[in-house]
Amino acid sequence: SSKFAVPKERRPVYQHKWTEDDEEEGEPDIEAAGDGGMPSGGALPASSTQQRRPAYRSNEGARIHKVKEAHQCLESGEHDDFKQDIEYILSTMRGDASANIKCLSTLSLARKCVSPEFRQFIRSEGMMSSVFKGLAEAANDQNLALCASTVIYLMSRDFISIPVDAHSLRLLSQLLRIEKLDQNEEQKKYASLVWEVFTNYIERMESLGKKIVFLLTEQQLTPSSLILEALVFILARSTDENVKTEMLNLGILQYIVGKVEKIVLRLLHDKLSEPDTIQQLVVLERCFRILESCTLFHKKNQAFLISHRGSLLIQMCGKLMTIIHETISNCAVGSELARSHMACLSLMARVLMNLSHENGKVFYTCLGSN
């Protein structure tokens with residue numbers, strides 16, 4: 001045997017430490033006590049009823065992963081709310097629901113569209129096609145048409161264009177032709193509710209620092225006037241050439257040319273007050289903006305508008321030039337009336353430039369014959 005004994009390894013021994021505020025009552029270890037009744041670990045606590053609790057070290061370095069930030073939780077909850085709202089509203093607009101229920105549901109959707117976040121949600125989720133499907137029968141009822149036109153107008157005002165196809169443009173074409181509404185108590189009620197939506201929309205956007213130009217009055221709110229405004233924004237921000245083609249196929253361009261003719265003849269023959277004249281020029285500006293967008297590098301639309309109804313559009317532009325020249329010659333320089341005429345002249349010139357692009361010979365032949 002070796003002279004030197006191998007020393008025994010000292011293993012760590014757990015020693016329990018008690019605190020005075022322990023939640024459980026400590027009981028003496030009687031079985032482990034010796035003859036004297038004392039526990040093997042040492043003396044008993046001062047009081048057998050005293051609560052004792054083991055003191056453990058807190059793990060301060062522990063981390064919980066994949067925790068969402070506060071703004072992420074807010075966005076997630078907002079997304080779920082928007083989704084539930086739009087699904088519920090669209091469900092009430094389908095089926096055999098009465099016209100009154102559909103009007104109220106569409107009006108509720110319009111109120112939701114006042115919020116920029118809600119409009120962004122509809123676009124980002126690709127739900128605009130579902131909205132158009134829900135509004136497919138809007139042209140069958142004048143009050144529903146007014147509420148539906150409000151939704152479309154609000155969605156079109158954002159910088160990002162709403163997607164439109166042949167089906168949605170067909171709805172816009174139907175709404176565009178509803179120029180007059182029956183004056184009754186129900187119509188006045190819905191017109192008042194729609195006007196309240198626009199008031200809230202303008203206030204909301206101005207609170208965000210965005211200036212909104214809205215030239216319509218409550219009496220001028222019609223599906224036609226709202227869709228005309230919406231088409232200006234939709235076409236100005238759309239890059240789809242098929243949309244311009246469908247504008248011709250669905251007869252919208254023909255309607256716009258007819259509206260230009262009606263306004264020019266009214267300015268030429270009727271004695272209008274200055275406010276009425278300015279209002280007619282505003283509508284004429286909208287028509288020219290639509291025609292400008294639809295004729296920009298689109299040969300088919302250019303050729304059609306040059307030859308349509310014996311070059312009617314070019315004839316009306318010539319008569320409008322005469323009206324503008326006479327009016328500006330007789331009104332004060334810098335007046336609102338003069339500015340309105342000059343703005344209209346500028347937009348008309350853009351349309352004529354688009355029409356004459358690569359069509360100079362045909363265009364000037366039509367212009368010379370008139």
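**Exercise 1. Place His308 in the fold and describe its surroundings.**

Solution. His308 lies in the loop that links H12 and H13; helices here are DSSP runs of H or I with at least four residues, strands are runs of E with at least two, and both are numbered from the N terminus. The model is a predicted one, in which local features need pLDDT of at least 70, side-chain atom pairs count only at pLDDT 80 or more, and totals for chains, interfaces and linings use all residues. Residue numbers start from 1 along each chain as its sequence is written, and side-chain values use heavy atoms, with hydrogens and water left out.

Next, take accessibility. His308 has a relative accessible area of 15%, so it is buried (buried is under 20% relative accessible area, exposed over 50%, partly exposed in between, with a 1.4 Å probe and protein chains only). Then list its contacts, meaning heavy atoms within 4.5 Å. With neighbours within four places in sequence set aside, His308 touches Gln254 and Val257.

**Exercise 2. Compare the settings of Phe297 and Ser311, two residues other than glycine with positive phi.**

Solution. Start with the general expectation: most residues other than glycine have a negative phi. Phe297 has a phi near 55°, and Ser311 has a phi near 60°.

Now locate each one. Phe297 sits in the loop between helix H11 (274–295) and helix H12 (299–307). Ser311 belongs to the loop between H12 and helix H13 (312–330).

Last, check exposure. Phe297 is exposed because its relative accessibility is 63%. Ser311, at 7% relative accessible area, is buried.

**Exercise 3. How many disulfides does a search of the whole structure find, and where is the cysteine sulfur nearest to that of Cys287?**

Solution. The criterion is a pair of cysteine sulfur atoms within 2.5 Å. The search returns zero disulfides. For Cys287, the nearest cysteine sulfur is that of Cys344, 9.3 Å away. Cys287 is buried, since its relative accessibility is 0%. Cys331 also counts as buried, because its relative accessible area is 19%.

**Exercise 4. Summarise the protein chain as a whole.**

Solution. First, secondary structure: the chain contains 15 helices and two strands. Second, burial: 41% of its 370 residues count as buried. Third, contacts: of those between residues at least 6 apart in sequence, 78% join residues at least 24 apart. Fourth, surface: the accessible surface is about 22,200 Å², and carbon and sulfur atoms account for 51% of that area. Accessible areas come from the Shrake-Rupley method with a 1.4 Å probe, and for residues only the protein chains shown count as cover.
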